[in-house]
Structures are given as C-alpha cells and as structure tokens.
Amino acid sequence: MHHDANGLFIAQDSSSPGIVYKLVSTTLNGAVTAGQTSSIAVNSAGFTANTAVVEVEGDLINYASGGVAGPLTTITNVTSAHVSGAPVNQWVTIGTLTDADMIAGCWFSYLNGLTVICAGDGDMWTYDGTN
C-alpha cells in the first residue's frame with residue numbers, strides 16, 4: 001500500500017490488479033442524528049455518484065443518491081450522532097493497474113504537487129490531484 005500528499009492509495013492482493021484510490025474529504029454542513037434516514041448535508045463534490053458509502057467519525061454510512069454535488073440522500077446505517085463540521089471521507093477509485101504493471105513492480109514518487117506512478121513494465125502515469 002502507498003499513500004502520498006495528493007491523497008492517493010494503491011492496494012493489491014494476490015488475486016487482483018492494483019487499484020488506485022483517492023481519499024475525498026469534506027465536512028458535514030449540519031448535524032446528523034443516530035438512525036437518520038433522510039439526507040446528509042455535505043459538499044459532496046468528487047464523491048461517487050449514486051449508491052456508495054461515506055465514513056463519518058467511524059460510521060460507515062450508505063447513501064442511495066447524491067454524491068456529485070449537494071446532499072447525500074436516502075441514507076442508512078447511521079449508528080451515532082455527528083455534529084456539524086465533522087469530517088466526511090470516501091475512497092474513490094480513480095484507476096486500475098494491470099497485472100503486467102504490478103508483476104514487475106510499481107513505484108510512486110511525489111514532487112512539487114505531482115504524483116508520478118512508474119510500473120516495472122515501463123508504463124508511467126502522472127496525477128496532479130485533480131485528474
């Protein structure tokens with residue numbers, strides 16, 4: 001597993017290619033109560049559209065719509081109350097490295113706001129935190 005200042009993580013196990021994730025974070029724009037099912041007020045820009053999961057102070061909260069902008073709606077699994085301003089996080093998949101990329105190794109470097117991913121097979125990608 002790798003992490004850098006652009007919020008990138010890569011995870012791989014022996015049965016799958018390397019998956020590159022980006023941590024997207026914001027805060028609650030209002031309090032949430034335990035058992036709430038209507039919506040969560042957040043700036044959700046960058047979150048996964050439609051059905052997905054966000055993490056709020058350890059609660060893994062499911063939502064059925066939203067995620068691109070505005071509130072996350074039709075929520076479930078809110079096990080405790082959370083105050084306005086609490087952090088909201090989601091791991092968003094931004095790409096997959098092939099088995100060929102990962103077999104020969106994969107290296108990350110971070111310099112001046114740019115993440116460079118180099119694979120042992122000669123492939124190279126860059127990420128500036130936005131693309």
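Which residue of β6 does E55 stand opposite? In this predicted model, the residue opposite E55 in β6 is L60, and the sections below place that pair within the strands, turns and buried sites around it.

## Overall architecture

The protein chain contains 1 helix and 11 strands, and read along the sequence these elements follow the pattern β-β-β-β-β-β-β-β-α-β-β-β. Of the 131 residues in the chain, 35% are buried, while the chain as a whole exposes about 6,900 Å², of which carbon and sulfur atoms supply 57%.

The contacts can also be described by their separation along the sequence: among those in the protein chain between residues at least 6 apart, 50% join residues at least 24 apart.

## Strand β5 and its partners

Strand β5 spans residues 52-56 and has two faces, with A52, V54 and V56 on the covered face and V53 and E55 on the uncovered one. On one side, β5 runs antiparallel to β6, to which it is joined by 5 bridges, and the two strands form a hairpin with 2 residues between them, where E57 in the turn has a positive phi of about 45°.

β5 also pairs with strand β8, residues 87-97, in the antiparallel sense over 2 bridges. E55 takes part in this pairing too, with N89 as its bridge partner in β8, whereas its opposite residue in β6 is L60. β8 in turn pairs with strand β3, residues 18-27, in the antiparallel sense over 10 bridges, and within β8 it is L97 that stands opposite G18.

## The buried aspartate D59

D59 belongs to strand β6, which covers residues 59-65. The residue is buried and yet has no salt bridge, since the nearest side chain of opposite charge, that of K22, is 24 Å away.

What the side chain of D59 does reach is the backbone nitrogen of S80, at 3.1 Å. Leaving aside neighbours within four places in sequence, the contacts of D59 are with V54, N77, V78, T79, S80 and H82; of these, V54 is also listed on the covered face of β5, and S80 is the residue whose backbone nitrogen the aspartate side chain reaches.

## The buried glutamine Q90

Q90 is located in strand β8, and it counts as buried because its relative accessible area is 3%, which is under the 20% limit. A polar atom of the Q90 side chain lies 3.0 Å from the backbone oxygen of V53, a residue assigned to the uncovered face of β5.

When residues up to four places away in sequence are not counted, Q90 touches K22, L23, V24, F47, T48, A52, V53, V54 and Y63. Among these, A52, V53 and V54 lie in β5, the strand that pairs with β8 over 2 bridges.

## Glycine G30 in the loop after β3

G30 lies in the loop between β3 and β4, the latter comprising residues 39-40. With a relative accessibility of 19%, G30 counts as buried, because the category takes in values under 20%.

The C-alpha atoms of G30 and A41 are separated by 5.9 Å, although the two residues are 11 residues apart along the chain. A41 is also in contact with G30, as are V83 and S84, once neighbours within four places in sequence are left aside.

## The second hairpin and positive phi values

A further hairpin is formed by β9 and β10, with 2 residues between the strands and with N112 in the turn at a positive phi of about 50°. Strand β9, residues 106-111, and strand β10, residues 114-119, pair in the antiparallel sense over 6 bridges, and F108 has I117 as its bridge partner in β10.

Positive phi values also occur at N50 and T74, neither of which is a glycine. N50 has a phi near 65° and lies in the loop between β4 and β5, where its relative accessible area of 46% makes it partly exposed. T74, by contrast with a loop position, is found in strand β7, residues 72-76; its phi is about 50°, and at 48% relative accessibility it counts as partly exposed.

Notes. Residues are numbered from 1 along each chain as its sequence is written. This is a predicted model: local features need pLDDT of at least 70, side-chain atom pairs count only at pLDDT 80 or more; totals for chains, interfaces and linings use all residues. Side-chain values use heavy atoms; hydrogens and water are left out. Helices (H or I, at least four residues) and strands (E, at least two) are DSSP runs, numbered from the N terminus. Buried means under 20% relative accessible area, exposed over 50%, partly exposed in between (1.4 Å probe, protein chains only). Lys and Arg count as positive and Asp and Glu as negative; His and the chain ends are not counted. A salt bridge is a side-chain nitrogen of Lys or Arg within 4 Å of a carboxyl oxygen of Asp or Glu. A polar contact is a pair of N or O atoms within 3.5 Å; within protein, one must be able to donate a hydrogen and the other to accept it, and residues adjacent in sequence count only if both atoms are side-chain atoms. Contact means heavy atoms within 4.5 Å. Two strands pair if DSSP finds at least two bridges between them. Accessible areas come from the Shrake-Rupley method with a 1.4 Å probe; for residues, only the protein chains shown count as cover.
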